[in-house]
Amino acid sequence: MQDSTRPRTVMAEAIHLPDPTRPPRPAPGCDVCAALDKQRAQAEKSRNIRKATSCEEEIRRHPHKGKP
Ligand SMILES: [Zn+2]
């Protein structure tokens, strides 16, 4: 059993989000999206990437009337 070949993941790079579709654009005129976008920006400032990512997801998923 060799334990020394355990791969080391470089977590320092994880702060940089690799998602090319980010940040999602909040729908204009949508209060919910605007609030989520603010939360996302704040979370990102405090390097709370997990929260920032979940905010992005919510913005993406937020349903809107009319054409997409
Ligand atoms: Zn919205």
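Here are some questions and answers on how the terms apply to this predicted model.

Residues are numbered from 1 along each chain as its sequence is written. Since the model is predicted, local features need pLDDT of at least 70 and side-chain atom pairs count only at pLDDT 80 or more, while totals for chains, interfaces and linings use all residues.

Q: How many helices and strands does the protein chain have, and what makes a stretch count as one?
A: The protein chain has two helices and zero strands. Both kinds of element are DSSP runs numbered from the N terminus: H or I over at least four residues for a helix, E over at least two for a strand. The helices here are H1 (31-45) and H2 (49-61).

Q: Why is Arg40 called buried or exposed?
A: Buried takes 20 or more other C-beta atoms within 10 Å of the residue's own, exposed takes 12 or fewer, and partly exposed is in between, with C-beta atoms placed from the backbone. Arg40, in helix H1, has 24 C-beta neighbours inside 10 Å, so Arg40 counts as buried. Across the protein chain, buried residues make up 13% of the 68 residues.

Q: What does Arg40 touch, and how do you know that a pair is in contact?
A: Two residues are in contact if their C-beta atoms, placed from the backbone, lie within 7 Å. Leaving aside neighbours within four places in sequence, Arg40 has Pro23, Ala52, Cys55 and Glu56 as contacts.

Q: What makes the largest nonpolar core a core, and which residues are in it?
A: A nonpolar core is a set of buried Ala, Val, Leu, Ile, Met, Phe, Trp, Tyr and Cys residues joined through C-beta atoms within 7 Å. The largest one has five residues: Cys33, Leu36, Ala52, Cys55 and Ile59. H1 and H2 are the elements that give two or more residues to this core, and H2 gives the most, with three. As for Cys33, not counting residues up to four places away in sequence, Cys33 touches Pro26, Ala27, Ile59 and His62.

Q: Why are H1 and H2 called roughly parallel or antiparallel?
A: H1 and H2 pack at an angle of about 160 degrees, with their axes 8 Å apart. Axes are lines fitted to C-alpha atoms, for helices over the stretch in contact, and angles run from 0 to 180 degrees between N-to-C directions. Under 35 degrees is roughly parallel, over 145 roughly antiparallel, 65 to 115 roughly perpendicular, and the rest oblique. H1 and H2 are therefore roughly antiparallel.

Q: Which residues of H1 and H2 meet, and how many are nonpolar, polar or charged?
A: On the H1 side they are Cys33, Leu36, Asp37, Gln39, Arg40, Ala43 and Glu44, and they meet Lys51, Ala52, Cys55, Glu56, Glu58 and Ile59 in H2. These residues divide into six nonpolar, one polar and six charged. Ala, Val, Leu, Ile, Met, Phe, Trp, Tyr, Cys and Pro count as nonpolar, Asp, Glu, Lys and Arg as charged, and the others, Gly among them, as polar.

Q: What makes Arg47 stand out, and why is Arg47 called buried or exposed?
A: Most residues other than glycine have a negative phi. Arg47 has a positive phi of about 60 degrees although it is not a glycine. Arg47 lies in the loop between H1 and H2 and has 10 other C-beta atoms within 10 Å, so Arg47 is exposed.

Q: Why do Lys51 and Cys30 get the labels they do?
A: Lys51, in helix H2, has 15 C-beta neighbours inside 10 Å, so Lys51 counts as partly exposed. Cys30, in the segment before H1, is partly exposed because it has 15 other C-beta atoms within 10 Å.
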